[in-house]
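This briefing covers one protein chain, beginning with a single side-chain contact and then widening to the whole chain. Please have the structure open while reading.

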Amino acid sequence: DQKLTDLCEVAHQTLVPLFKHSPHSVFLWLSLFLRHNHSRASLGQQLATNTLQLPLCASDGMGLNVTTVLLRFCHKLRARHILEKINPFFCLIENSSGLEDAVSRIRTNPNLVPITHILELSRESKLCSCEDTEDLILDLSPDFSFATQLFHLTHFALSVYYVPVIDTFISKSRQLAEIKDLMSATFQEPLMERAYRQQISSYLSLKSHLLSHQLVEMLTQFCLLSCDWFLFLTGSKHDVTAQIASIPEFYLSNVLEILQFFSATCKDTLATLQGDYSAFIHFATIFLNHSGLITNPHKRGKIAEVLG
């Protein structure tokens, strides 16, 4: 746990001056890294079935470290005046020329390539539908604030790495339980014991990263920050539905999956954190009482499940 903390601290301190000198270049690199690894779930399935011979994506450890560093920067977003600067319409910027063209343009003039053209969030399913958003979809990106780019990039990173790794962790936990059952029911104990040792080593390594106290604290704060942002949008002077309809559905999935995972695996750690969970309760109350804000019934059911 301490080694991971030290590593992420070094990475964070390395990026601080880079962000001050050339924030767009850092955001662009992070966007390219995450976009390249966006398909890692399907690639993992191909690897498992031997239809793909070489791993083309970064490891879980690398992705989790990048995500952790982004979360370290996000603590500055808690201030109300900064939270209000996060623009939901960032997720509507279209890239009519395509991802490959955007990547090729980086080689000639990277300053003219917005990270929205790399992330392509306009293609993602949104929380709800709204005809008014069609008039807001732009081909060229406006100059979005640092807070806006950091917030959306962090959610993208969580969807690419942390949330999928939660599924991996749960799967490994079930495999360990199955191996233990086999060990007690079979005479091939040496073979089972060797398989158990291999699985437990991988499991504990993943657990130490996923459930480190610092990461649990940062993720919990980021989830509550996201709930505060959702609530802020519902109370803004602009078209509420149009703003909510700009948000990718996976943002909500990130919040729900992470909070549910923590409540099931590290209640003692959560009890030591000084988080204000009223933000999630208030968010759940508002969004469950207004069906037009979340059109997916499964997501609405998930909110009620986590709230329970």
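**Two neighbouring helix residues and their chain**

In this predicted model, the side chain of Thr148 comes to 2.9 Å from the backbone nitrogen of Asn87. Thr148 belongs to helix α8, and so does Gln149, in a helix that covers residues 146-185. The points below take each residue in turn and then the chain.

Thr148
- Thr148 has a relative accessible area of 1%, so it counts as buried, the cut-off being under 20%.
- Setting aside residues up to four places away in sequence, Thr148 is in contact with Lys85, Ile86, Asn87 and Phe90.
- Asn87 therefore appears both in this contact list and as the partner whose backbone nitrogen the Thr148 side chain reaches, while Thr148 itself is buried.

Gln149
- Gln149 has a relative accessible area of 13%, which also puts it under the 20% limit for buried residues.
- Beyond its neighbours within four places in sequence, Gln149 touches Phe27, Phe90, Ile115 and Phe144.
- Phe90 is a contact of Gln149 and also of Thr148.

Whole chain
- The protein chain contains 15 helices and 0 strands.
- Of its 308 residues, 44% are buried.
- Where contacting residues of the chain lie at least 6 apart in sequence, 79% of those contacts join residues at least 24 apart.
- The exposed area of the chain is about 15900 Å², of which carbon and sulfur atoms supply 54%.

Methods: Residues are numbered from 1 along each chain as its sequence is written. This is a predicted model: local features need pLDDT of at least 70, side-chain atom pairs count only at pLDDT 80 or more; totals for chains, interfaces and linings use all residues. Side-chain values use heavy atoms; hydrogens and water are left out. Helices (H or I, at least four residues) and strands (E, at least two) are DSSP runs, numbered from the N terminus. Buried means under 20% relative accessible area, exposed over 50%, partly exposed in between (1.4 Å probe, protein chains only). Contact means heavy atoms within 4.5 Å. A polar contact is a pair of N or O atoms within 3.5 Å; within protein, one must be able to donate a hydrogen and the other to accept it, and residues adjacent in sequence count only if both atoms are side-chain atoms. Accessible areas come from the Shrake-Rupley method with a 1.4 Å probe; for residues, only the protein chains shown count as cover.
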